[in-house]
Amino acid sequence: MHILLTRANAYIGMRLLPTLLEAGHIVTGIVRSITRFPSSQFQPFIESKQLTLLEGNLLGNLPPVPENIDTVYYLLHSMGGGSSFEEREAECPRLQACSPLRPGRPAIAGSSHSCCRDENTRRSLASV
């Protein structure tokens with residue numbers, strides 16, 4: 001299975017990535033900065049083309065993604081400084097990120113909605 005993993009070098013992405021690779025999946029990971037990705041840790045997967053990294057910011061500049069994606073792990077959220085969660089969420093190009101999916105394939109959204117105490121944050125994550 002070919003998987004698109006957003007935020008591949010963020011906290012959850014770095015815990016999910018080894019599991020996906022060890023299960024034999026082909027993974028295209030989107031990261032904000034390839035230089036910040038621990039490439040040496042995944043070198044055999046990169047060399048064998050089982051792991052491909054794309055650099056981009058899903059809140060702005062989305063890189064072109066392969067058209068043969070089976071599943072998207074959408075691990076992006078717009079929580080940050082300030083109070084404009086909803087506006088930033090609306091700006092996320094989610095549909096573009098999921099557009100390479102073939103019909104009937106799942107997109108999996110990750111959030112910590114159930115454990116968030118802040119009402120603004122819960123509303124934002126509920127939209128995912």
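# Cores and contacts in a predicted model

User: This is a predicted model. What share of its contacts with a separation of 6 or more comes from residues 24 or more positions apart?
Analyst: Residues at least that far apart, 24 or more positions, account for 63% of those contacts in the protein.

User: How many helices and strands are there, and in what pattern do they follow along the sequence?
Analyst: The protein has 5 helices and 5 strands. Along the sequence the pattern reads β-α-β-α-β-β-α-α-β-α.

User: And what percentage of the residues is buried?
Analyst: Buried residues make up 41% of the 128 residues. The accessible surface comes to about 7,300 Å², and carbon and sulfur atoms hold 52% of that surface.

User: Let us go inside. Which residues of the largest nonpolar core touch the most other members?
Analyst: That core has 16 residues, and the ones touching the most other members are Leu-5, Leu-17, Leu-20, Val-27, Phe-37, Phe-42 and Leu-51. At least two residues each come from β1 (2–6), α1 (11–22), β2 (26–31) and β3 (51–55). The most is given by α1, with 5 residues.

User: Is there another core, and which residues are among its members?
Analyst: Another core, of 8 residues, lies apart from the largest one; Leu-4, Leu-54, Leu-62 and Val-65 are among its members. In soluble globular proteins, nonpolar side chains tend to be buried together.

User: Back to Leu-51. What does Leu-51 touch, leaving out residues up to four places away in sequence?
Analyst: With those left out, Leu-51 touches Leu-17, Leu-21, Val-27, Gly-29, Phe-37, Phe-42, Phe-45 and Ile-46.

User: Two of those are Phe-37 and Phe-42. How are their rings arranged as an aromatic pair?
Analyst: The count of aromatic pairs comes to 1. Phe-37 and Phe-42 form a tilted pair, with 5.3 Å centre to centre and 35 degrees between the planes.

User: Why does Phe-37 count as buried? And Phe-42?
Analyst: The cut-off for buried is under 20% relative accessible area. Phe-37 counts as buried because its relative accessibility is 4%. Phe-42 is buried because its relative accessible area is 2%.

User: Now α1. Which of its residues are buried, and what covers them?
Analyst: The buried residues in α1 are Gly-13, Met-14, Leu-16, Leu-17, Leu-20 and Leu-21. Their cover includes β1, β2, α2 (43–47), β3 and β4 (71–74). After α1 comes Gly-24, with a positive phi near 95 degrees.

User: Where does Arg-15 lie relative to Tyr-11?
Analyst: Arg-15 lies over the face of Tyr-11, at 3.8 Å from the ring centre.

User: A different arginine, then: where is Arg-7?
Analyst: Arg-7 is in the loop between β1 and α1. Arg-7 is partly exposed, with a relative accessible area of 26%. In sequence, Arg-7 and Arg-32 are 25 residues apart, while their C-alpha to C-alpha distance is 7.4 Å.

User: And His-2: buried or exposed?
Analyst: His-2, which is found in strand β1, counts as buried at 9% relative accessibility.

User: With which side chain does the side chain of His-2 make a polar contact?
Analyst: The partner is the side chain of Asn-68, at 3.1 Å. Leaving out residues up to four places away in sequence, His-2 touches Ile-26, Thr-28, Pro-66, Asn-68, Ile-69, Asp-70 and Thr-71.

Definitions and conventions. Residues numbered from 1 in each chain as written. Predicted model: local features only at pLDDT ≥ 70, side-chain atom pairs only at ≥ 80, totals over all residues. Heavy atoms only, no water. Core = buried A, V, L, I, M, F, W, Y, C linked by side-chain atoms within 4.5 Å. Buried < 20%, exposed > 50% of the residue type's maximum accessible area, 1.4 Å probe, protein only. Helix = DSSP H or I, 4+ residues; strand = E, 2+ residues; numbered from the N terminus. Contact = heavy atoms within 4.5 Å. Phe/Tyr/Trp six-rings, centres within 6.5 Å; stacked < 30°, edge-to-face > 60°. Lys NZ or Arg CZ within 6 Å of the ring centre and 35° of its normal. Polar contact = N/O pair within 3.5 Å; in protein donor to acceptor, adjacent residues only side chain to side chain. Areas by Shrake-Rupley, 256 points an atom, 1.4 Å probe, with all protein chains shown as cover.
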